[in-house]
Amino acid sequence: MDCIFCRIIAGEIPSKKVYEDEYCYAFYDINPQTPVHILVIPKEHIASADGVNAENSIYVAKIFEAIPKIAATAGLANGYRVITNCGDDACQTVKHLHFHIMGGRKLPENMG
């Protein structure tokens, strides 16, 4: 499989790691949209939110258990936004489920 996020997890492509456990890997986005912009990805390849099912939903649960720890480590004490894009119309550019943790400043209400 030629998935950039799978290759990052495998260590084939460098990243600035923030967090890792047996279910997920988190790293800084190379094109940050906010002062703090971290991506959290499952270690199992799931193409998008549409691919979450009973067999792999444990990865999403574990990601959401890790997100508060990741946000706290990044200093996001005043809040943050968690976003996932699903499909072409939502501008999902990498077809591997991922969650953006965005913060570090007051975010606009209409930012998606």
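The paragraphs below lead through a predicted model, beginning with its sheet and ending with a patch on its surface.

Five strands make up an open sheet, arranged in the order β1-β2-β3-β5-β4 and paired in the antiparallel sense. The edges are held by β1 (17-20) and β4 (80-83), and because each of them has a single partner strand, one side of each is left without a neighbour in the sheet. On average, and with direction ignored, neighbouring strands of this sheet are turned by 20° against each other.

Following the sheet from the β1 edge, a hairpin leads from β1 to β2 through 3 residues, and these two strands pair in the antiparallel sense over 3 bridges, with Y19 standing opposite A26 in β2. The strand β2 is in turn joined to β3 by 5 bridges, again in the antiparallel sense, and here F27 stands opposite L39 in β3. Of the 5 residues of β2, 4 are buried, so this strand is largely enclosed by the rest of the structure.

At the other edge, β4 pairs with β5 (residues 99-103) over 4 antiparallel bridges, and I83 has H100 in β5 as its bridge partner. Helix α2 packs on the sheet, where it touches β1, β2 (24-28), β3 (36-42), β4 and β5, and its direction makes about 155° with that of β3.

The helix α2, which spans residues 57-73, also contains F64, a residue that is partly exposed, with a relative accessible area of 41%. Together with Y80 and V82, F64 forms a nonpolar patch on the surface, the three having about 240 Å² of accessible area together.

Methods: Residues are numbered from 1 along each chain as its sequence is written. This is a predicted model: local features need pLDDT of at least 70, side-chain atom pairs count only at pLDDT 80 or more; totals for chains, interfaces and linings use all residues. Side-chain values use heavy atoms; hydrogens and water are left out. Patches are made of residues with over 30% relative accessible area and no salt bridge: like charges are joined within 9 Å, nonpolar side chains (Val, Leu, Ile, Met, Phe, Trp, Tyr) within 5 Å. Accessible areas come from the Shrake-Rupley method with a 1.4 Å probe; for residues, only the protein chains shown count as cover. A salt bridge is a side-chain nitrogen of Lys or Arg within 4 Å of a carboxyl oxygen of Asp or Glu. Buried means under 20% relative accessible area, exposed over 50%, partly exposed in between (1.4 Å probe, protein chains only). Two strands pair if DSSP finds at least two bridges between them. Axes are lines fitted to C-alpha atoms, for helices over the stretch in contact, and angles run from 0 to 180 degrees between N-to-C directions. Contact means heavy atoms within 4.5 Å.
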